[in-house]
Amino acid sequence: SKIHLIENFGIQSYFTCMKHSALLIGNTSSGISEAPSFKKFFINVGERQIGREIGKNVISVGFDTNEILRTIESICQFGEFEGENIYFKENAIETIINRIMAFHT
């Protein structure tokens, strides 16, 4: 009764939902690159993200219902993810703007 499946939220609603969720499950790169900033664990299902650098918030599993359920139970014992986002870069927006401006001048 606490699980909701939604195909597409749109960006703002997606981040709002992520903020209020306990964890993420799927094969999206967002679970790897954005979920740790929201202090969320991500259960990465399948092989779609193989080869990507992943942080400590990511737990990879196969397409096995029992494995996914065991992983959910395990994560719920930990609460929020307390590690760092390996994709976070300080002042990223300013760096991008400065590079674009330097290119156009």
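Helix α3 is followed by Gly79, whose phi is positive, near 80°. This is a predicted model, and α3 is a convenient place to begin reading it.

**Helix α3**

The helix covers residues 65–78. It has 14 residues, and the distance from its first C-alpha to its last is 21 Å, close to the 20 Å expected at 1.5 Å a residue. At the N-terminal end, α3 is capped by Asp64, which places a side-chain oxygen 3.2 Å from the backbone nitrogen of Asn66.

Which residues of α3 are buried? They are Ile68, Thr71 and Ile75. Seen down the helix axis, these buried residues fall within an arc of 65°, so they line one face of α3. The other side of α3 carries the exposed residues Thr65, Arg70, Glu73, Cys76 and Gln77. The cover over the buried residues includes the strands β1 (23–26), β2 and β3.

**The nonpolar cores**

In soluble globular proteins, nonpolar side chains tend to be buried together. Here the largest nonpolar core has eight residues: Leu23, Phe41, Ile43, Val45, Val61, Ile68, Ile75 and Phe81. Two elements, β2 and α3, give two or more residues to this core. Strand β2 gives the most, with three residues. Apart from this core lies another, of six residues, among them Ile32, Ala35, Phe42 and Val58.

Phe41 belongs to the largest core. What does Phe41 touch, leaving aside its neighbours within four places in sequence? Its contacts are Leu23, Leu24, Lys56, Asn57, Ile75, Phe78, Gly79, Glu80 and Phe81. Gly79, the residue with positive phi that follows α3, is thus one of the residues in contact with Phe41.

**Three residues by accessibility**

The table lists the relative accessible area of three residues.

| Residue | Relative accessible area | Class |
|---|---|---|
| Asn44 | 4% | buried |
| Arg52 | 32% | partly exposed |
| Cys17 | 34% | partly exposed |

**Asn44**

Asn44 sits in strand β2. Is Asn44 buried or exposed? With a relative accessible area of 4%, Asn44 is buried, because the cut-off for buried is under 20%. The side chain of Asn44 makes a polar contact of 3.2 Å with the side chain of Ser60. Not counting neighbours within four places in sequence, Asn44 is in contact with Gly26, Asn27, Gln49, Val58, Ile59, Ser60 and Val61. Among these contacts, Val61 is part of the largest nonpolar core, and Val58 is part of the six-residue core.

**Arg52**

Arg52 lies in the loop between β2 (41–45) and β3 (58–61). Its relative accessibility of 32% makes Arg52 partly exposed. Leaving out residues up to four places away in sequence, Arg52 touches Ser29, Ile32, Ser33 and Tyr87. Of these, Ile32 is a member of the six-residue core. The C-alpha atoms of Arg52 and His4 are separated by 27 Å, and the two residues are 48 residues apart along the chain.

**The cysteines**

How many disulfides does the structure hold? The count is zero. The sulfur of Cys17 is 15 Å from the closest cysteine sulfur, that of Cys76, and this is too far for a bond, because a disulfide needs the two sulfur atoms within 2.5 Å. Cys76 is likewise in no disulfide. Cys17 is partly exposed, at 34%, and Cys76 is one of the exposed residues of α3.

Methods
Residues numbered from 1 in each chain as written. Predicted model: local features only at pLDDT ≥ 70, side-chain atom pairs only at ≥ 80, totals over all residues. Heavy atoms only, no water. Helix = DSSP H or I, 4+ residues; strand = E, 2+ residues; numbered from the N terminus. Buried < 20%, exposed > 50% of the residue type's maximum accessible area, 1.4 Å probe, protein only. Contact = heavy atoms within 4.5 Å. Core = buried A, V, L, I, M, F, W, Y, C linked by side-chain atoms within 4.5 Å. Expected span 1.5 Å × (residues − 1). Arc of directions from axis to C-beta. Polar contact = N/O pair within 3.5 Å; in protein donor to acceptor, adjacent residues only side chain to side chain.
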